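Me: Please take a close look at one part of this model: the empty space in it, together with the residues and helices around that space. A connected account would suit me better than a list.

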Amino acid sequence: LIFFSLLEQDRLFKISFILFVFFFTTLILVHFIGIEVKGSTRWMEIGVLPRFQPIEFLKPFFIIMTASVLSTEDKKNIYFKYFLSFLLLVPVIFFLISQPDLGQTLLIVLTWLSLVFISGINLFIFYSFFVFIAVTISYLIFFVPKFEYIQIRLINFLNPNTNSDYQSEKASEAIINGGFFGQGIGEGSLNSRIPEAHTDYIVSVVSEEFGVVVVIAIMLVFLTLSYQIIKKINFLKEDKAKLILLGCVTILLLQAFIHIGVNIRILPTTGMTLPFISYGGSSIVSTGILSGILLNLTKRKIN
């Protein structure tokens, strides 16, 4: 956070390009030398470095690269930049799907669609992109055996009477047991009942111990943060900086919405962490990089 917030903007963009290439390379290498955990190969280790998830580090720089492409001006062919940004998206999505990691795939796709929409694309082309991606993901889920587990999750979500989504059921029970003001610090039982409580179900843990009031406060903090950033956009002149800020806000809000939605059972299980709060080295560092970029582009310039 401190490092990226103190960089000059030109240097920030140059370093972001280098780091995008590096982490995209690690995303490719995960397919060959990655570490498999619970049926998914999403992590890798390089030398003495701790295990990390390449897509978490790639996300901030993907936003900067996409914003850089979409902010270019080509008077001869105004739609060429959208095609280039799509070419940037496709390999990232391909290697994510091969892990498989549909949760991060959806997050990246939705962020990309948001940036494309904000950049002022023709709505017909935008909806064509949207339909194409939706059809592709639907095909993968329902007709490719590798993604059968996602189909099962969707069926369990749409038919809760099956009682086969153990984690979501226990998370819902924890929220109900916590009530408005919670059972007290350390008094919750969800931590010991499901394996990913400290990452994918941290909101349920917070709700059980501190109450729904604190969860609502967390949601308000995310909304306030986003509002304050969006206000700053009016004072910026460069389209690239505006798109980067909106991309960072979008990915933070989408990730928070998906995480909370899974915990309160309005969305199927995806395995999404909550920015700033969930445990996980890759997630925390990624959020720190995003925050550093946000601070860099919104801080007051001293003449």
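Reply: What follows starts with the cavity search, moves to a pocket and the packing, and ends with some single residues.

This is a predicted model, in which local features need pLDDT of at least 70 and side-chain atom pairs count only at pLDDT 80 or more, while totals for chains, interfaces and linings use all residues. Residues are numbered from 1 along each chain as its sequence is written, and side-chain values use heavy atoms, with hydrogens and water left out.

Rolling a probe the size of a water molecule over the atoms shows where empty space is left. On a 1 Å grid over the protein atoms alone, a cavity is a set of points where a 1.4 Å probe fits but cannot get out; a pocket is an open set with protein on both sides within 12 Å along at least five of seven lines; and lining residues have an atom within 4 Å of a point. Points are joined across faces, edges and corners, and a volume is the space filled by probe spheres set on them.

Searching the whole structure gives one cavity of 30 Å³ or more. The largest cavity has a volume of about 40 Å³. Its lining consists of Glu56, Lys59, Ile251, Leu252, Gln255, Pro275, Ser283, Ser286, Thr287 and Leu290. By class there are four nonpolar, four polar and two charged residues in this lining; Ala, Val, Leu, Ile, Met, Phe, Trp, Tyr, Cys and Pro count as nonpolar, Asp, Glu, Lys and Arg as charged, and the others, Gly among them, as polar.

Helices here are DSSP runs (H or I, at least four residues), numbered from the N terminus. At least two lining residues of the largest cavity come from each of α3, α11 and α12, and α12 gives the most, with four. α12 has 18 residues and reaches 26 Å from its first C-alpha to its last, close to the 26 Å expected at 1.5 Å a residue; the expected span is 1.5 Å times one less than the number of residues. Of the 18 residues of α12, 14 are buried, where buried means under 20% relative accessible area, exposed over 50%, and partly exposed in between (1.4 Å probe, protein chains only).

The loop between α11 and α12 holds phenylalanine 276. Phenylalanine 276 is not a glycine, yet its phi is positive, about 75°. With a relative accessible area of 47%, phenylalanine 276 is partly exposed.

Next, a pocket. The second largest pocket has a volume of about 560 Å³. It is lined by 26 residues, of which Leu102, Leu106, Ile137, Ile141 and Thr270 lie nearest its centre. α5 (102-118), α6 (123-143), α7 (148-158) and α11 (239-263) each supply at least two residues of that lining, and α6 gives the most, with seven. The lining of the second largest pocket divides into 19 nonpolar, four polar and three charged residues.

Now the packing. A nonpolar core is a set of buried Ala, Val, Leu, Ile, Met, Phe, Trp, Tyr and Cys residues joined through side-chain atoms within 4.5 Å. The largest nonpolar core has 70 residues, and among these Val92 and Trp112 touch the most other members. α2 (9-33), α3 (54-70), α4 (80-97), α5, α6, α10 (212-233), α11 and α12 (281-298) each supply at least two residues of this core. α11 gives the most to the core, with twelve residues. Apart from it lies another core, of twelve residues, including Leu190, Val206, Ile260 and Leu274.

Contact means heavy atoms within 4.5 Å. Leaving aside neighbours within four places in sequence, tryptophan 112 is in contact with Phe62, Thr66, Tyr82, Ser85, Phe86, Leu89, Phe129 and Ile133.

Lastly, a residue of α11: lysine 242 is found in this helix and, at 26% relative accessibility, counts as partly exposed. Not counting residues up to four places away in sequence, lysine 242 touches Ile233, Leu236 and Lys237. Its C-alpha atom is separated by 12 Å from that of isoleucine 293, which is 51 residues apart from it along the chain.
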